[in-house]
Protein chains: 2
Amino acid sequence: MADTPRSFDPTELGAYFALIEVSSLLRHTVEQQLREAGDLSYVQFQLLARLGNSPDGSYRMTDLADGVVYSRSGLTYQAQSLEQRGLVTRAPSPDDERSTTVAITEQGRDVLAKVFPGHIAVLDELLFEPLERADVEALFDVLGRLRDHMRAAPPRSAAPRRRKTS
Amino acid sequence: MADTPRSFDPTELGAYFALIEVSSLLRHTVEQQLREAGDLSYVQFQLLARLGNSPDGSYRMTDLADGVVYSRSGLTYQAQSLEQRGLVTRAPSPDDERSTTVAITEQGRDVLAKVFPGHIAVLDELLFEPLERADVEALFDVLGRLRDHMRAAPPRSAAPRRRKTS
DNA sequence: GTTTGTTGCTTCGGATTCGAAGCATCTGTG
DNA sequence: CACAGATGCTTCGAATCCGAAGCAACAAAC
């Protein structure tokens, strides 16, 4: 099956494990802070943050899902939840009746603003405090390249719905 | 509330976002591979891998949970699942009747072996292929330090159950 | 203008997850 | 030894999550 008997050296393994561990721990702490400060899950926060950064404060569902690496059905669930709380609105797109446009509301921006300082504090304390400037730059560089690579890579034996095969 | 009005520069933000994104994307792909190759979730794989690396192939529940950054109740659920499939055994610890010792079985090791090549292939392709040796070393160094820092840090306003306060 | 295929989202069912509460076992103190 | 507290794990209920299936709107081919 797999023709890759190559094994990893301790540095590679360590880098991999550390990546998983760090992101898990960070996510955990952030999740807690967001829950307490504004009753938001991490996903919900990410969605609001993305919408808040958008020029017109809105996105299509699919783009949001891809952005935060999330399933479509999961996004539907969270979007409904956010809509009920009045933090976003949903409406069919003008140019394409199929797609739903999600937009952040004033209330959504308020929650975002309320939660942000604590969020920054957590990041500062957990992520940046122990690092030198050069470390942050290294992460930015290496992880940025990784992200681009992963985004570009096809979903691994998943996309073959193209071409008419025969 | 939060006395940290400091904001982040683009490099810091980029590093943070890239970290989250990379770990999400990686996790996603790995999860898929594990599911197909051995019908394992990522957590289950992590548990088996940890047990497989242990000198005596066993751990206490709590240590496992802490190791993979997981809730205790969640671990109970997965441990039961793995036990039913015969991949691990569970038994009360000899020296402490309260604690449960989880041990990997031969069958567990088989599944691990069956799944491993594909796992390595995914990592190689997604994580290591686009990186120079120096990049891997940088990740190892910086993320390793981060992990230590996060592990050491108290769970953020959560631990105050120590000392008799008054 | 149909027919066929694609795309965007939702619904559905089931699996996974967590925190709180519950139960046992240990560990100190007197 | 009896007791309060700590510790280790499980059970419970509710929230969250995903993939598969379904539905509606588009697009392409004829």
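**Exercise 1. The surroundings of DNA strand C**

Find which residues come nearest to DNA strand C in this predicted model, and describe the surface near that strand.

*Solution.* Start with the neighbours: 21 residues lie around DNA strand C, and the nearest are A:T62, A:R90, B:Y70, B:S71 and B:Q78. Next, see which part of the DNA they meet. Of the atoms of DNA strand C that come within 4 Å of the protein, 74% belong to sugar and phosphate. Then sort the surface by class: four residues are nonpolar, 10 are polar and seven are charged. Finally, ask where these residues sit. From chain A, α3 (61-68) and α4 each supply at least two residues of this surface, as does α4 of chain B.

**Exercise 2. Polar contacts with DNA strand C**

Identify the protein atoms that approach oxygens of DNA strand C, taking A:M61, B:E97 and B:R98 in turn.

*Solution.* Let's begin with the backbone. In A:M61, a backbone N or O atom is 3.2 Å from a phosphate oxygen of DNA strand C. B:E97 also uses a backbone N or O atom, here 2.7 Å from a phosphate oxygen of the strand. Now turn to a side chain: B:R98 places a polar side-chain atom 3.4 Å from a base oxygen of DNA strand C.

**Exercise 3. The surroundings of DNA strand D**

Carry out the analysis for DNA strand D: how many residues surround it, and which elements supply them?

*Solution.* Count first: DNA strand D is surrounded by 22 residues, with A:Y70, A:Q78, B:T62, B:T76 and B:R90 the closest. Sugar and phosphate make up 71% of the atoms of this strand that come within 4 Å of the protein. By class, the surface holds four nonpolar, 10 polar and eight charged residues. As for elements, α4 (72-84) of chain A, α3 (61-68) of chain B and α4 (72-84) of chain B each give at least two residues.

Now add the phosphate contacts. The side chain of A:S71 has an N or O atom 2.8 Å from a phosphate oxygen of DNA strand D. For the side chain of B:T76, the corresponding distance is 2.7 Å. B:M61 takes part through a polar backbone atom, 3.2 Å from a phosphate oxygen.

**Exercise 4. The sheet of chain A**

Work out the strand order of the sheet in chain A and find its edge strands.

*Solution.* Place the strands in the chain first. Chain A has six helices and three strands, and its elements run α-α-β-α-α-β-β-α-α from the N terminus. The three strands form an open, antiparallel sheet in the order β1-β3-β2. The edges are β1 (58-60) and β2 (88-92), each pairing on one side only. Neighbouring strands are turned by 25° against each other on average, direction ignored. To zoom in, take β1(A) and β3 (residues 100-104) of chain A, which pair over three bridges in the antiparallel sense. Here A:R60 stands opposite A:T101 in β3(A).

**Exercise 5. An aromatic pair and burial**

Classify the ring pair B:Y16 and B:F17, and decide how accessible each residue is.

*Solution.* Over all chains, the structure holds six aromatic pairs. In the pair B:Y16 and B:F17, the ring centres are 5.4 Å apart and the planes meet at 35°, so the pair is tilted. For accessibility, B:Y16 has 3% and therefore counts as buried. B:F17, at 43% relative accessibility, counts as partly exposed. For a chain-wide view, look at chain A: 46% of its 166 residues count as buried.

Methods: Residues numbered from 1 in each chain as written. Chains lettered and ligands numbered in written order. Predicted model: local features only at pLDDT ≥ 70, side-chain atom pairs only at ≥ 80, totals over all residues. Heavy atoms only, no water. Pairing = 2+ DSSP bridges. Helix = DSSP H or I, 4+ residues; strand = E, 2+ residues; numbered from the N terminus. Axes fitted to C-alpha atoms, helices over the stretch in contact; angles between N-to-C directions. Near = heavy atom within 4 Å. Polar contact = N/O pair within 3.5 Å; in protein donor to acceptor, adjacent residues only side chain to side chain. Nonpolar A, V, L, I, M, F, W, Y, C, P; charged D, E, K, R; others polar. Phe/Tyr/Trp six-rings, centres within 6.5 Å; stacked < 30°, edge-to-face > 60°. Buried < 20%, exposed > 50% of the residue type's maximum accessible area, 1.4 Å probe, protein only.
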